[in-house]
Amino acid sequence: MFVILKDLLKRDKKFLFGFIVVCILVFLAILSIFSPYDPRSWSVVPKDRPPSFQYILGTNSMGQDIFWNTTHALKNSFVLGITTAVVATIIGTIVGLIAGYRGGTLDKVLMSINDSFIVLPSLPILVFLSFSLRGKMTMFVLGLTLSVFSWPWGGKQVRAQVLSLREREFTYTSVFSGMNMWKVVFREHLPFVIPWVIANFINTILWALGMEITLSVLGLTSLETPTIGTTIHWAMQYQAIFRGIWWWLLTPIILCVLLFVALYMLSVSISEFLDPRTRLQRIKMGG
Amino acid sequence: MSRKLLEVKSVVKIFHIGGRFLGTKLKAVNNVSFDIDSEKPEILTFAGETGSGKTTLARMILGLEQPTSGEITYKGKNVSHIQKREELLEYMKEVQPIFQNPFETFNPLRKVDSYLFETAGNYNLAKTKGEKAKLVEEALKSVGLTLNEVQGRYPNELSGGQLQRTSVARALITRPSLLIADEPVSMVDASLRMSIVNLFSDLKEEYNVTVLYITHDLATAYYISDRIAIMLRGDVVEFGNIDKVMLSPLHPYTQILLKSVPQPDPEGTWKEDIKLSSLEVKEFSRLGCKFYERCPSAMKICEEVEPLSVFRDGREVKCHLYSEEFKKEEETLPGSF
Amino acid sequence: MSLLEVENLSAYYITHAYGVQRDVRAVDNITFSMEENEIVGLAGESGCGKSTLIKVLLAIIKPPLRVLSGQVNYSYDGKKFNLLTLEREQLRKVQWEDISYIPQGSMSTLNPVRKIRKTFEDVIKAHKKSESREEYERLMEEHIKYLGLPLEVLDSYPHQLSGGMRQRTTIALATILKPKIIFADEPTTALDVVVQRGVIQMLKQLHEEQKNTMLIVTHDMAVHANVAEKIAIMYAGKIVEIAEKKELFTAPKHPYSQFLIQSLPRIGDKRRRTSAPGNPPSLADPPPGCRFHPRCPYAKDVCKRYIPKLIEYEESHNIACFLYSSEIEEGEEIVQEIIRS
C-alpha cells in the first residue's frame with residue numbers, strides 16, 4: 001500500500017497535486033480542534049478586518065475570525081462529503097454487484113428500486129426536507145439524506161460492469177471451484193469494478209459538497225454551523241462584495257475550487273492506476 | 001444393463017432472439033439423446049460448426065443452462081432438479097469444466113494457484129494448508145506441472161499451454177468422473193496443442209475420467225475419441241464409433257465436413273468446389289432436414305419431413321437416405337445403443 | 001531482383017509505463033524475399049510476431065510499434081522503392097492499389113454503418129479517379145460475380161452477412177484493384193471448416209486470375225498445405241526455416257519445424273504424437289542465443305550464446321540452425337544501441 005502510494009506520488013503529477021492539496025485541507029480541518037473561538041458565537045473579534053498577521057484571513061461582519069471559521073467549515077464539509085460517499089458507495093456497490101451477478105427476479109426488484117430513486121427529483125425533495133427539518137439537520141443527517149439520492153448511480157454502473165464480467169470464463173471457473181456468491185462477487189468481480197467505485201466515491205463527495213452549497217446558499221441548512229456553503233451564504237447576506245470585504249467571499253470560493261480540482265485529479269489518477277488494463281501491464285513488467 | 005453415468009434424453013433448448021414476443025425462436029439443441037456408461041470411461045466428441053448447438057449442450061450438462069424440454073440425469077439424478085447448495089457442490093464435484101480460452105479461464109488480476117487452493121478448500125477435501133498443498137501438488141503432477149511453476153503467478157505470466165494444464169489440474173482436484181472440455185485446444189499454441197490432447201487420453205486411462213470433448217477440429221477428435229457425434233444446427237446427424245463415422249461417413253453432411261477438413265498433406269489439395277450455407281437462421285428454422293439446401297443428394301421428402309435417427313452400420317444416422325430404406329425393411333428403431 | 005526483399009528488419013513494441021521501459025521484440029532481424037507470382041505461407045504460433053511482420057511489410061506502423069532497422073524493398077513494373085521511407089502521399093497510393101491486405105477479423109475493413117457497395121465505391125474512387133460511375137459499377141459487379149458471391153451482398157450491411165460471407169467480401173474488397181501483392185492475416189481463422197474451404201478456394205482462384213503474389217499468415221499448417229507453394233516458419237520473432245511446401249512437410253530440418261510437422265494429427269492415423277517440450281518464450285524477454293534452444297533436444301553450447309543465421313542450406317531451403325551451419329547472425333549490437341538511445 002505504502003509502496004503504491006510512493007509510486008503514484010513519484011510518477012503521477014496529477015496524483016501529487018491532488019494528494020498535496022487534499023492533505024493541506026485535511027490538516028486545516030484538523031486544526032479546527034485548536035480553534036480559540038466557538039464557531040457559533042458572534043462578535044468574538046473586531047468586525048470586517050482585512051487579512052493581517054493577527055487575523056490571517058481577516059474577519060467578517062459577524063465578528064468571527066475567517067481563518068478559524070474556515071477550519072470548522074472544512075471539517076464539516078469533509079464530514080458531510082465522506083458520510084454521503086461512504087454510505088452511498090457501500091450500498092450502491094453491494095446492490096450493483098448482487099443484482100448484476102444474480103440476475104433474474106432479484107435483479108429486477110433491485111433495479112426497479114434503484115430506478116425509482118434515480119427518477120426522484122432530488123433537489124425539490126431536499127429543499128422540502130431541509131426546510132422542514134431545519135435546525136435538526138446536522139451534517140451527519142444531511143449526509144445520510146444525500147446518500148439516499150446518490151447510491152443508485154453507482155449501483156447502476158457497477159451492475160452494468162458485473163453483467164459482462166458474469167459471462168466471462170473465469171467466473172465459471174470460480175463457480176466450479178466451489179466459491180459461493182459472496183466470494184465470486186467480492187474476490188473476482190470487485191477488483192474489476194474498483195476503479196469505478198473509487199471514481200464514484202470521489203464524485204459523490206463532490207456532488208454532496210455541491211448540494212450542500214446549493215442548499216446553504218438558499219439558506220436551507222442550519223446556518224449557524226459553518227460550512228463552505230453557509231460561509232458563502234452569510235457573505236452574500238451581508239453583501240460582502242459590495243462592501244469590499246472580498247476576503248470573506250473569496251476564501252470559501254477558492255477553497256471550494258481547490259478541493260474540487262484536487263479531488264477530481266485524485267479520482268482520475270486512481271482510476272487510471274486501478275484500471276485492469278494498466279494493472280495487467282504492470283503485472284507483465286513484474287512491478 | 002450397466003449403470004449410466006450420464007443420460008441425456010430428448011433434450012431441446014429453444015432460445016428467444018430479440019424478445020420473447022416479437023423475436024424469433026431458435027432451436028439451438030433439437031431432440032438430442034445419448035448416454036455414457038459409468039463402467040467404461042471414454043472420450044466422447046461432439047463436433048460441429050459454429051452454431052451447431054454443441055456448446056449449448058455442454059452448458060446444459062454443466063447446469064449453466066436449463067433445457068426447454070427433455071431431461072439430463074447424472075447417476076440417475078435429474079440435473080435440473082438441483083436446488084440446494086450441497087447438492088450443487090456434490091454435482092460440481094463430479095462434473096467439471098475445461099474452458100476454451102486458457103487466458104480467460106483465470107481472472108487476470110488474481111494469482112492462478114488461488115483457484116487450485118480454493119477448489120481444494122471449498123469442496124472440503126482438505127482442512128489445513130499443508131493438506132491442500134498436497135492435493136494441489138498431486139493434481140498438478142498429473143498434468144505435468146509442479147506447484148513451483150504456477151505458485152504466485154498471474155495468468156499472463158504463464159503460456160497458454162501451462163494455463164490450460166493448470167485448468168485441467170484444477171478440475172482434477174475434486175476427482176471428477178466427467179470432464180466437459182469445450183474447445184480446450186483451439187486457443188493453445190500449435191506446438192503445445194498435442195500435449196494437451198494427449199493429456200485427455202492419459203487421464204482417461206489413468207484416472208478413469210470420461211471426457212466430453214467439444215470441438216470443431218475433426219483431426220484431433222479422430223486422434224483421441226472413442227465415439228463421436230456430428231452436430232448440425234442443433235441436430236445430432238450422425239453418432240457412433242469414431243472409426244465408423246469418420247472413415248466411412250454415411251450422412252451427406254458428415255461426408256462434406258470430412259472432405260472440407262484441410263489435411264496437413266502437401267499432395268492432398270482440393271479439386272472440386274463446394275456449396276456454402278446461406279443464412280444461418282433459415283437453416284435453424286427449416287422444417288425438414290437442416291441440410292436440405294446444401295445436400296447433394298436431397299430428395300423431395302427432405303424439404304418437409306424431419307428425418308428420424310436410425311441405426312445403421314454401427315452408428316446412428318439422421319437422414320432420409322437411410323430411414324427410407326429402413327422403413328422398407330420394416331425394422332424397429334432402437335432407442336439408443 | 002525479387003518482388004519483395006526484406007533486409008535485417010527489426011520492429012519492436014516499445015512501451016513506457018510508470019518508469020519502466022519494456023521492449024517486445026516482435027520482429028527480430030528478419031531477412032527474406034518473395035518472388036513474383038508466388039504464394040508463401042507464414043506459419044508460427046500466436047505471439048510469434050507474424051502479424052507484426054505483416055504490419056511492417058505494409059508500413060502500417062503505429063506507436064508503440066517502432067521499426068528499429070532494416071529495409072522493405074519492393075520492385076515491380078519497373079518501380080523500385082523502400083516502403084518504409086515513402087512519403088505519406090506516395091504510401092497511400094501504393095497501399096491497396098499495389099500492396100493489399102486482408103485483415104484478421106473482417107469487421108474492421110467494412111464500415112458497419114454503410115452498405116458494402118458504398119465501401120467498394122470509396123476504395124475505387126480513392127484510387128481510380130478517372131473512371132466514370134458506370135465503369136466502376138461494372139468493375140465491382142464483375143469482380144463480385146467472378147468470385148462467386150451473390151450480387152446481393154453489395155446492397156447489404158456487414159452485420160447482415162454471415163462470418164464466411166463477410167470474410168469473402170473482405171477478400172473481394174482487398175483485391176478489386178488487382179494488387180501486385182496481397183498479405184492475408186489469418187484469413188481462415190475462426191471460420192467453420194466448410195466455409196474455410198470456400199475462402200481458400202477463393203484465394204486460389206484469385207491467384208489464378210490476377211497472378212498476384214500472396215503472403216498468407218496462419219498458424220494452421222493444414223491450410224498452408226492446401227494453399228502455399230513455399231512456407232516460412234517463424235519462431236519468437238525470427239524466421240527459422242523457409243522451404244518449398246513439399247520439402248517442408250516431408251523433410252523439415254529445423255528442430256522446431258520438425259516438432260510442428262510431426263505433431264499434426266491426421267484423420268485415419270491414430271499414432272501418438274508429441275509436442276515440443278517447454279513453452280514458447282516471451283518476446284519481451286527472449287532467451288539469449290537461438291530462441292529455440294531451451295526447448296530443443298539437440299541444443300549445443302553454441303546455441304545458448306549465439307543466434308544462428310538464416311542460410312541457404314539447399315536450393316530454396318533456408319534454415320537458421322547450428323545443426324546445419326555455423327554462421328552467426330550479426331547486427332544484434334546495433335539494434336541494442338538504437339533502443340538505448
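Two strands count as paired here if DSSP finds at least two bridges between them. Keep that in mind for the hairpin at the end of this tour; the model you have open is a predicted one.

**Stop 1: chain B on its own.** Select chain B and switch to cartoon. You should find 14 helices and twelve strands. Of the 337 residues in chain B, 47% are buried. If you like contact maps, take the contacts in chain B with a separation of 6 or more: residues 24 or more positions apart account for 64% of them.

**Stop 2: where B touches C.** Now bring chain C back. On the chain B side, 37 residues are in contact with 35 residues of chain C. To see where they come from, color α7 (160–172), α8 (190–207), α9 (218–224), α10 (242–247) and α11 (252–260) of chain B, each of which supplies at least two residues of that side. The top contributor is α8(B), with six residues. Color by class and the side of chain B that touches chain C splits into 20 nonpolar, eleven polar and six charged residues.

**Stop 3: one helix pair across the interface.** Hide the rest and keep α11(B) plus helix α6 of chain C, residues 193–210. Their axes come within 8 Å and cross at roughly 50°. Because of that angle, α11(B) is oblique to α6(C). The crossing is left-handed. Show sticks for Ile256(B), Leu257(B) and Ser260(B), which meet Val193(C), Val194(C) and Arg197(C) on α6(C). The residues of this helix-helix contact divide into four nonpolar, one polar and one charged.

**Stop 4: strand β12 of chain B.** Jump to residues 315–318 of chain B, which form β12(B). Are its two faces covered or open? Covered, both of them: Arg315(B) and Val317(B) are buried on one side, and Glu316(B) and Lys318(B) are buried on the other.

Next, add the partners of β12(B). Strand β10 of chain B, residues 235–241, pairs with β12(B) in the antiparallel sense over three bridges. Strand β11 of chain B, residues 309–312, also runs antiparallel to β12(B), with four bridges. Center on Arg315(B) and look to either partner: Gly240(B) stands opposite this arginine, and so does Arg312(B).

**Last stop: the turn.** Zoom in on the hairpin of β11(B) and β12(B), where two residues sit between the strands. Which residue there takes a positive phi? Pick Asp313(B) and check its backbone torsion: phi is near 50°.

Conventions
Residues are numbered from 1 along each chain as its sequence is written. Chains are lettered from A and ligands numbered from 1 in the order in which they are written. This is a predicted model: local features need pLDDT of at least 70, side-chain atom pairs count only at pLDDT 80 or more; totals for chains, interfaces and linings use all residues. Two residues are in contact if their C-beta atoms, placed from the backbone, lie within 7 Å. Ala, Val, Leu, Ile, Met, Phe, Trp, Tyr, Cys and Pro count as nonpolar, Asp, Glu, Lys and Arg as charged, and the others, Gly among them, as polar. A residue is buried if 20 or more other C-beta atoms lie within 10 Å of its own, exposed if 12 or fewer, and partly exposed in between; C-beta atoms are placed from the backbone. Axes are lines fitted to C-alpha atoms, for helices over the stretch in contact, and angles run from 0 to 180 degrees between N-to-C directions. Angles under 35 degrees count as roughly parallel, over 145 as roughly antiparallel, 65 to 115 as roughly perpendicular and the rest as oblique. A crossing is left-handed if the near helix is turned anticlockwise from the far one by less than a right angle, and right-handed if clockwise.
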